[in-house]
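Me: Please take a close look at one part of this model. I would like to know how it packs, which residues do the packing, and what else is worth checking in the side chains.

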Amino acid sequence: MKISDLELFTAVAKEKSFSKAAQRLYISQSAVTQHIKKIETELGFALFERNTHSAALTEQGEIMLRTAREMLKHYHKALAMCSRSLEAPTKLTVFYIGTASQRFLPEVLKQFHARFPTCSIASRRVSSAEAREALEKGETNLLILPADMFSDSQGWSFFPLYQDAFYCVMNENNPLAAREALDYKDLAGTTLMAPSRASCPDSMRQVLERVQEEVKSCELVWENNIDSVVLHLRSFSSDCLAIMPGLALPEHRQLCAVPFRAGINIQVGLAYAHPMSRMEEAFVSLARDHTRFGK
């Protein structure tokens, strides 16, 4: 078993649920199920007794859990000792687009600071235009953004982290807010707002083009940016909505997000300059480990 397998196994054991473990790890339940099945196949015995509501450890699973926790304890202790020996810069700057901070960034920053307490960490949300400028001018060490907004100019590279889904965002009073998920046909007769074409990732433009093809009675209104879209959604009680990727979902109690069955995903990753410092490599490694199960 790999370290990532041990971490996934202990997460499911702690939550006693595949779905809750998936939420904790920011991945799909099917990804968790597939990884556990793969581990059980390699071991030759079952780790969990499954039902529709929970996952209980088998006798063999209880034995493996005790061993897994000990192995992870020693692994993280050794990793911390090695990290302290790294030659580190005094500051690390991480920019991100949208609300990536809601997903994994806070936990990654917390773990990074625990390993490198003497390193100053700064993170900042930027717009699409600012992100491109930051890449071109090298204003940040690392940038979290959609793959189709990445520019490989001036020696920057891209490391994929996870596949993001699309959501329909609307005022909480919108009748569609009660749905568990929405399809293209559900948008008939609605007003759909979107940020300017220049601010839209390619995958988001593909979704909007599909809407225009399949929903003739849906009115598409282009706004300046995501912030102006959010402002309009808050202003209208029921007749407007927007389609956004998960990393751009607004943080506002008046708005809600319903999963959209768009059939298109958006790849999110880290842009970074070569050659990376050891400190930057450590951050990328933490981000990779935190999101690897979503691949």
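Reply: A crossing of two helices is called left-handed if the near helix is turned anticlockwise from the far one by less than a right angle, and right-handed if it is turned clockwise. The model is predicted. The part chosen here is helix 1, which covers residues 3-15.

Take helix 3 (residues 29-43) as the first partner. The axes of helix 1 and helix 3 cross at roughly 115° and come within 10 Å. Angles from 65 to 115 degrees count as roughly perpendicular, and helix 1 is therefore roughly perpendicular to helix 3. The crossing of helix 1 past helix 3 is left-handed. On the helix 1 side, the contact is made by Asp-5, Leu-8, Phe-9 and Val-12. Helix 3 contributes Val-32, His-35, Ile-36 and Ile-39.

The other partner is helix 2, residues 18-25. Here the axes lie 8 Å apart, and the packing angle is about 125°. That angle makes helix 1 oblique to helix 2. Helix 1 passes helix 2 in a right-handed crossing, whereas its crossing with helix 3 is left-handed. Leu-8, Ala-11, Val-12, Lys-14 and Glu-15 make the contact from helix 1. They meet Phe-18, Lys-20, Ala-21, Arg-24 and Leu-25 of helix 2. Leu-8 and Val-12 are thus listed in the contact with helix 2 and also in the contact with helix 3.

Three of the helix 1 residues facing helix 2 can be taken one by one. Ala-11, in helix 1, has a relative accessible area of 2% and is therefore buried. Apart from residues up to four places away in sequence, Ala-11 touches Ala-21, Arg-24 and Leu-25. Those three belong to the helix 2 side of the contact. From Ala-11 to Met-244 the sequence separation is 233 residues, and the C-alpha to C-alpha distance is 29 Å.

Lys-14 is also part of helix 1. Its relative accessibility is 56%, so Lys-14 counts as exposed, although it is among the residues that make the contact with helix 2. Lys-14 and Asp-202 lie 188 residues apart in sequence, with their C-alpha atoms 39 Å apart in space.

Glu-15 belongs to helix 1 as well. At 27% relative accessibility, Glu-15 is classed as partly exposed. Leaving aside neighbours within four places in sequence, Glu-15 is in contact with Lys-20, Ala-21 and Arg-24. Ala-21 and Arg-24 are also touched by Ala-11. Glu-15 and Ser-54 are 39 residues apart in sequence, with a C-alpha to C-alpha distance of 8.8 Å.

Next comes the link between the two helices. Lys-16 sits in the loop between helix 1 and helix 2. Most residues other than glycine have a negative phi. Phi of Lys-16 is positive, near 55°. With 57% relative accessibility, Lys-16 counts as exposed.

The aromatic side chains extend the picture. Phe-9, on the helix 1 side of the contact with helix 3, is joined by ring pairs into a cluster with Phe-18 and Phe-48. Phe-18 is on the helix 2 side of the contact with helix 1.

Aromatic rings count as a pair if their centres lie within 6.5 Å. By this rule there are seven aromatic pairs. One of them joins Phe-104 and Tyr-162, whose ring centres are 5.9 Å apart and whose planes stand at 80°, so this pair is edge-to-face. Phe-104 is in the loop between strand 3 (91-97) and helix 5 (105-115), and Tyr-162 is in strand 6 (residues 156-164), so the pair ties together parts 58 residues apart in sequence. Phe-104 and Tyr-162 are both buried. Another edge-to-face pair is Tyr-184 with Phe-260, because their planes are at 70°, with ring centres 5.0 Å apart. Tyr-184 has 6% relative accessibility and so counts as buried. Phe-260, likewise at 6%, counts as buried too.

One charged group also belongs with the rings. Arg-124 lies over the face of Phe-95, 4.5 Å from the ring centre.

Conventions:
Residues are numbered from 1 along each chain as its sequence is written. Side-chain values use heavy atoms; hydrogens and water are left out. Rings of Phe, Tyr and Trp (its six-membered ring) pair if their centres lie within 6.5 Å; planes under 30 degrees apart count as stacked, over 60 as edge-to-face and the rest as tilted. Helices (H or I, at least four residues) and strands (E, at least two) are DSSP runs, numbered from the N terminus. Buried means under 20% relative accessible area, exposed over 50%, partly exposed in between (1.4 Å probe, protein chains only). A charge sits over a ring if NZ of Lys or CZ of Arg is within 6 Å of the ring centre and within 35 degrees of the ring normal. Axes are lines fitted to C-alpha atoms, for helices over the stretch in contact, and angles run from 0 to 180 degrees between N-to-C directions. Angles under 35 degrees count as roughly parallel, over 145 as roughly antiparallel, 65 to 115 as roughly perpendicular and the rest as oblique. Contact means heavy atoms within 4.5 Å.
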